[in-house]
Amino acid sequence: MAYMSEDTVEHPARTPVARPVGARWYPTLDRIPDGAVVAGVCAGLADHLGVRVTSVRLAMVLLATLSGAGVLLYAALWALTPSGAAREGAAAPDGRERRRGMALAAVGLAGSVLSIMLTTATGLNVMVPVLVVALGAGLVWQQYDGGGRVAPRSVVDWARVTAGATLVVVGLAVVVLGQVEFAALRSSLLAVLVTLVGVVLLSIPVGLRLWRSLEEERAARIREAERSEIASHLHDSVLQTLALIQKRSDEPGQVLRLARRQERELRQWLFGAGSRMSSGATTVAGAVEVIAGDVEDAYGLRVDQVVVGGDGPVGEVGEAVLGAVREALVNVAKHAGVDTADVFVENDGRVLSAFVRDRGCGFDPEAVDGDRHGLARSIRHRVESRGGTVAVRSTLGRGTEIRIEMPLEGE
Amino acid sequence: MTDAPEVDGRASRVFLVDDHAVFRSGVRAELAGQAGVEVVGEAGSVAEAIAGIGRVRPDVVLLDVHMPDGGGVAVLRSVLGSDPGRVAEPARAPEPTFLALSVSDAAEDVIAVIRAGARGYVTKTISGDELADAVRRVADGDAVFSPRLAGFVLDAFARAAPGPEDRGEPVHDPEVDSLTPREKEVLRLLARGYTYREIAEELFISVKTVETHASNVLRKTQQSNRHALTRWAQSRHLD
């Protein structure tokens with residue numbers, strides 16, 4: 001293809017782009033499905049040779065007029081070159097370029113047909129069916145080409161496959177009916193059929209084994225992907241935390257906090273499937289976990305939480321109750337003088353109840369100071385404005401328990 | 001649970017089963033200074049544990065839930081046989097009692113060891129004092145409910161109970177399958193972090209009665225019909 005060298009003007013869009021990962025060190029010829037009018041052969045060739053697509057297409061058309069050499073070359077390249085990965089810079093052809101490409105393809109095809117007819121004196125009665133079959137095959141090939149997307153999805157895909165198949169069948173039928181006497185056909189047709197059945201029967205085990213090994217390979221790939229995901233997760237979380245703990249081994253408070261946080265994250269990762277609904281909404285159990293985690297991080301208060309019936313969505317009244325739970329926990333952290341608290345949240349279908357309990361210093365509810373009064377109010381306000389009740393029980397020296405109950409009717 | 005009753009005379013002989021040697025030595029050290037508790041052996045695998053328990057004949061086995069080769073459930077099945085109901089009667093206890101000790105958060109696993117015969121479940125973050133109390137308690141034939149276990153059991157029974165939408169299904173032996181309101185009350189208080197003594201005060205009953213309720217709940221969890229709890233386990237997986 002030396003005659004193309006006169007046209008080696010570097011197209012800005014064709015400057016070599018970074019090769020995708022896994023590319024070989026030497027330049028390879030890939031088809032470019034993104035730049036495709038038919039199958040991306042010309043675009044790939046142009047990219048590989050560093051020339052403009054249009055010149056490659058023109059060359060193909062010229063070759064096609066040499067008794068269809070261009071068409072054969074195109075088909076061969078289509079079949080033998082891999083479909084390259086999508087690349088930046090190889091933008092999909094716009095409407096004008098696509099139309100021009102289509103026109104060139106049509107010209108090439110027509111040229112090849114004409115040249116074959118002229119040089120070999122073949123009549124239209126042969127050329128037309130061959131052309132029809134080629135078109136149909138091209139359509140179907142295009143559908144099943146690249147991307148691993150074997151099953152047709154959209155209406156357009158189906159239309160394309162159907163049209164292609166119809167063209168092939170019609171073309172072949174015309175060839176067969178036009179050339180062969182039907183009476184002589186029966187026995188040979190039967191022979192072909194029997195042979196086909198035999199081949200199918202014999203090839204079943206091979207096909208099955210191929211299918212099974214493919215399945216196994218896929219399963220192995222999935223396992224490997226999972227393993228590497230777990231490894232990277234552990235590296236990003238657990239190993240980092242362990243490194244931090246080693247560095248801060250002289251600060252027990254920090255170490256404790258790091259360990260608790262890591263434990264929580266890991267639990268969330270391992271068992272956290274129930275923390276979100278399939279719709280993406282946070283469940284009550286998940287929300288309580290988040291609240292407990294926030295308070296632990298912010299105040300160093302260890303929260304032991306127990307949730308019963310907590311796999312429904314939080315909902316509006318749930319927000320109110322859980323907001324109150326958070327306030328109550330912050331209260332414990334600030335005033336109770338202890339470093340642990342128990343939280344119990346239960347949804348029995350009718351009532352959402354929450355209990356926050358500590359074994360701290362407690363207080364006399366009759367003689368509360370302003371700050372505490374205010375907070376109790378913010379808890380009360382959230383819950384009571386939505387029809388719930390709040391009870392505070394506290395004994396000096398034995399701790400405090402806040403009980404929240406919210407009817408769930410109307411949810 | 002600082003209000004465990006005093007053990008009369010003899011110290012409880014404890015056997016540790018955990019596949020982490022570091023954790024075993026930690027528990028050993030924590031229990032070393034505790035009165036009424038004596039560690040007499042340990043094992044790092046299911047097979048070792050079964051052999052060791054048969055040889056040493058301990059009173060209490062502290063059992064890890066998650067181990068290779070079947071975990072705590074495998075040890076329980078092998079030592080107690082397939083009928084966990086037997087250990088509900090501490091009077092005939094030539095076999096040891098089991099206390100599950102785990103970091104596991106998966107409710108199904110915890111309920112599984114209880115159903116296989118463990119008398120209680122505590123998490124590994126428990127303090128040495130609390131652990132010693134729990135050991136003394138199971139040695140006495142009581143059940144040990146950490147708040148978390150109480151929550152799991154409440155959840156299990158709430159879901160296993162036939163809901164309004166499937167009334168058509170036959171209800172299996174309601175006597176075994178459901179908890180009494182009082183038992184639910186006790187479980188809720190346990191889940192809220194109350195000790196047995198605090199529950200007794202709250203409900204104006206004796207600590208002994210609370211212990212009886214706890215034991216009954218444990219027995220019901222162990223004996224409740226397989227079908228109902230299977231459904232519960234499935235519903236957890238489907239969510």
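Colleague: Leaving aside neighbours within four places in sequence, which residues is Leu329(A) in contact with?

Modeller: This is a predicted model. Sequence neighbours within four places are set aside here. What remains for Leu329(A) is contact with Ile291(A), Val295(A), Leu301(A), Val303(A), Ala341(A) and Val356(A).

Colleague: Which residues touch the most other members of the largest nonpolar core, and which helix gives the largest share?

Modeller: The largest nonpolar core has 101 residues. Val321(A), Leu329(A) and Leu99(B) touch the most other members. The largest share, 11 residues, comes from helix H10 (residues 315-336) of chain A.

Colleague: How many residues are in the second core?

Modeller: The second core is separate. Among its members are Val41(A), Ala43(A), Leu45(A) and Leu63(A). Its size is 23 residues.

Colleague: What share of chain A counts as buried?

Modeller: Chain A has 11 helices and 5 strands. Take its contacts between residues at least 6 apart in sequence: 67% join residues at least 24 apart. Of the 411 residues of chain A, the share that counts as buried is 27%.

Colleague: Which helix of chain B gives the most to the side that touches chain A?

Modeller: The contact takes 14 residues from chain A and 13 residues from chain B. On the chain B side, 6 are nonpolar, 2 polar and 5 charged. The most, 7 residues, comes from helix H6 (residues 147-160) of chain B.

Colleague: Which strands are the edges of the sheet in chain B?

Modeller: In chain B, 6 strands form an open sheet with parallel pairing. The order is E2-E1-E3-E4-E5-E6. An edge strand pairs on one side only, and in chain B that description fits strand E2 (37-43) and strand E6 (144-145).

Colleague: Which helix packs on that sheet?

Modeller: The helix touches strand E1 (12-17), E2 and strand E3 (60-64) of chain B. Its direction makes about 140° with that of E2(B). The helix is H2 (residues 46-56) of chain B.

Colleague: What is the bridge partner of Leu101(B) in E5(B)?

Modeller: Strand E4 (residues 97-102) and strand E5 (residues 120-123) of chain B run parallel. They are joined by 3 bridges. The partner of Leu101(B) is Val122(B).

Colleague: How do H9(B) and H10(B) lie: roughly parallel or roughly perpendicular?

Modeller: The axes of helix H9 (residues 196-203) and helix H10 (residues 207-223) of chain B come within 8 Å. Residues that meet include Ile199(B) in H9(B) and Val210(B) in H10(B). By class, the contact has 5 nonpolar, no polar and 2 charged residues. The axes cross at roughly 110°, so H9(B) and H10(B) are roughly perpendicular.

Note on methods. Residues numbered from 1 in each chain as written. Chains lettered and ligands numbered in written order. Predicted model: local features only at pLDDT ≥ 70, side-chain atom pairs only at ≥ 80, totals over all residues. Pairing = 2+ DSSP bridges. Helix = DSSP H or I, 4+ residues; strand = E, 2+ residues; numbered from the N terminus. Contact = placed C-beta atoms within 7 Å. Axes fitted to C-alpha atoms, helices over the stretch in contact; angles between N-to-C directions. Buried ≥ 20, exposed ≤ 12 C-beta atoms within 10 Å, placed from the backbone. Nonpolar A, V, L, I, M, F, W, Y, C, P; charged D, E, K, R; others polar. Parallel < 35°, antiparallel > 145°, perpendicular 65-115°, else oblique. Core = buried A, V, L, I, M, F, W, Y, C linked by C-beta atoms within 7 Å.
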